[in-house]
Amino acid sequence: MLALKELLGSKLKFGLIALAIGLIVSLTFIMAAMSEGLISGMTGAKGSLAADALVFQPDTFLALERSRLTAEDLDTIATAQGVASSYGVGHAFISVDSADQPFDARAFGLGGEFEQLPIVKGSGLPGPGEAVIDISAEDNGVRIGDVVHLTPIDEELKVVGFTEGRRYIMMPVLYVDLPTWERIYVATALGRMSEQPGEQLPDLNRMTEQVSGGASIAAVHLDQDTTVEEFAESLSGGFDVVTPAEAAMAGNGMPVMMLSVNAIQVVSLVIGALVIGVFFYITTLHKTGQIAALKALGASNMFVYGQLLMQITILVAVASAIGIAITLVTGSFMPPTMAFDLQPARWIVALVAIFGMAYLGSLFSLRSILGIDPATALDRGEH
Amino acid sequence: MNLLEVKEVSKTYGSANTQVTALDNVSFELGTGRMLAVLGPSGSGKTTLLSIIAGLLAPSSGEIRIKGSPVSLRSPRDAAMFRRKHVGIVFQEYHLMPYLTAADNLLLVPRIAGRVTGVERKRADSLLAEFGLAERASHMPSMLSGGERQRVAIARALMNDPEIMLVDEPTAHLDTERGRQVVELVRSHIRGRDMTCVMVTHDERMVDEADEVLRLVDGQIV
């Protein structure tokens with residue numbers, strides 16, 4: 001194997017090239033992990049809801065924050081054609097001021113299926129007044145068994161478990177049961193207005209009654225032979241119906257953010273490909289004499305290019321291993337609050353793209369190889 | 001029987017006012033087992049002649065014949081295949097691959113042709129032994145002397161058992177005695193075999209080693 005022998009014959013030179021490419025690969029992977037971290041930090045709790053479809057109040061542009069479904073709405077959805085099961089999901093804005101570092105958070109009320117939360121510490125089934133919270137809150141000083149104080153609504157929740165990958169708009173989500181969520185939601189809506197002296201007290205009972213049994217959205221499991229579109233039609237257009245993945249990418253500026261994230265990844269891949277292409281182009285230029293001699297000995301252009309492709313494959317494979325190692329080490333130093341999410345599936349796509357781009361970059365070298373005249377192996381400038 | 005025939009070969013470079021004639025109507029024939037020394041000063045057309053015989057350059061006019069058949073090279077691919085089958089080249093600069101051992105440099109030729117089996121390995125070992133390099137088979141070119149590199153280059157040129165062996169300035173990097181030994185080695189190898197050798201040199205001392213001599217000046221035989 002000529003290509004491998006050449007690599008082994010110049011270990012230092014090719015080792016340095018592999019290291020340089022490895023750094024580029026790690027840069028690409030770190031960018032991908034950061035982009036993925038941003039996406040999962042923004043949408044993790046929403047996009048990972050266990051459901052085939054999410055049902056929103058119509059005309060709320062799939063905004064979890066604005067959607068409101070009444071108890072009757074949830075009944076309508078649960079009994080619609082093609083629905084296997086469903087549960088309500090509530091959303092509320094909250095702030096925690098009892099931790100070492102006070103932080104903003106979101107409360108998600110689940111009407112069931114708490115087993116969908118990946119539990120990394122403690123219990124995954126909160127009772128009334130209890131919460132399972134995203135692990136990123138641990139950095140703010142929250143621990144299992146803590147009773148966190150929510151401000152300004154003056155509510156308390158006992159932390160019984162930590163989950164992971166469940167943030168929303170970069171804030172940790174506290175998962176509670178629906179009755180607890182109702183209490184938080186109403187209190188959040190009223191705020192401290194009730195404490196202002198001389199003002200008319202809101203009709204707390206009336207509001208609680210309106211919220212009771214409802215939720216922000218509904219998460220629906222469909223029968224095996226029912227599609228999301230068919231389910232949406234069966235609701236006669238009274239609701240907005242999308243998949244969790246579609247819901248995750250909607251609202252909160254996500255479409256614009258996705259454009260930027262994709263642009264960052266594409267630009268880093270293109271720059272990586274150009275640099276890799278230039279590396280091999282330079283090495284090709286450095287061995288013009290050898291290539292001329294090979295061609296003079298009868299090697300075809302494809303033979304020479306094939307050797308180059310083999311070298312690229314070996315070097316990029318080694319560089320990828322180096323890049324992955326660097327990324328994993330970097331990732332291990334990242335705090336949970338950092339937008340950094342290592343997604344193996346995304347890496348496979350990035351690896352395929354890096355190899356593809358490296359082969360694309362090799363076309364610079366192919367052009368150079370095609371231009372090398374084998375007669376120069378004999379030529380000494382005389383005729 | 002004439003193994004190699006060069007018939008009225010000319011080569012010009014450039015066009016109109018800038019035209020340079022590198023070879024002008026050169027013809028010769030070379031029989032089996034014979035060695036031809038092509039002599040001439042720098043710029044006389046020696047290298048151009050060698051390149052045309054090797055199929056590295058196309059003549060402007062005239063033709064090359066091997067065993068009576070004209071060599072027709074329509075594409076670089078044809079030319080590469082022609083060299084793989086019929087030609088062995090010993091470069092002035094040796095052009096041994098620095099990352100391959102002496103044995104692997106010989107095996108480069110069948111590797112290019114896409115076939116390396118036990119037969120080729122045996123042939124490489126046999127040629128290295130013939131040229132006194134058996135002990136140096138696993139050495140890298142950087143570990144070999146100039147003369148040893150030259151012998152590896154000659155052995156490599158013989159790997160495909162060529163009909164035409166082309167040797168470019170064999171004495172350029174060697175002293176007279178070692179140069180003479182190298183040329184004698186080539187001569188003894190082709191003698192009695194179905195092959196011929198064209199050696200380009202500017203070293204008048206090599207004339208005695210060749211069976212035939214051709215002198216070129218300004219692209220013409222003198």
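The following exercises, each with a worked solution, concern a predicted model with chains A and B.

Local features require pLDDT of at least 70 and side-chain atom pairs count only at pLDDT 80 or more, whereas totals for chains, interfaces and linings use all residues. Residues are numbered from 1 along each chain as its sequence is written, and chains are lettered from A and ligands numbered from 1 in the order in which they are written.

**Exercise 1. Determine which strands stand at the edges of the open sheet of chain B.**

Step 1. Strands (E, at least two residues) and helices (H or I, at least four) are DSSP runs, numbered from the N terminus. Two strands pair if DSSP finds at least two bridges between them.

Step 2. The open sheet of chain B has 6 strands with mixed pairing, in the order S6-S7-S8-S3-S9-S10.

Step 3. S6 (87–90) and S10 (220–221) of chain B each have a single partner strand, so they are the edges, and one side of each lacks a neighbour in the sheet.

Step 4. S10(B) runs antiparallel to S9 (residues 212–217) of chain B, joined to it by 2 bridges. Ile221(B) in S10(B) is the bridge partner of Leu216(B).

**Exercise 2. Establish whether Val198(B) is buried or exposed, and list its contacts.**

Step 1. A residue is buried if 20 or more other C-beta atoms lie within 10 Å of its own, exposed if 12 or fewer, and partly exposed in between, with C-beta atoms placed from the backbone.

Step 2. Val198(B), in strand S8 (residues 196–201) of chain B, has 26 other C-beta atoms within 10 Å and is therefore buried.

Step 3. Contact requires C-beta atoms, placed from the backbone, within 7 Å. Not counting residues up to four places away in sequence, Val198(B) touches Leu36(B), Val38(B), Leu50(B), Ile53(B), Ile164(B) and Leu166(B).

Step 4. Val38(B) is 160 residues from Val198(B) in sequence, yet their C-alpha atoms are 7.1 Å apart.

**Exercise 3. Describe the side of chain B that touches chain A.**

Step 1. Chain B contributes 30 residues to the contact and chain A 24 residues.

Step 2. Elements giving two or more residues on the chain B side are S2 (20–31), H1 (46–53), H2 (76–86) and H3 (102–112) of chain B. H3(B) supplies the largest share, 5 residues.

Step 3. Ala, Val, Leu, Ile, Met, Phe, Trp, Tyr, Cys and Pro count as nonpolar, Asp, Glu, Lys and Arg as charged, and the others, Gly among them, as polar. The chain B side accordingly has 17 nonpolar, 7 polar and 6 charged residues.

Notes
Two residues are in contact if their C-beta atoms, placed from the backbone, lie within 7 Å.
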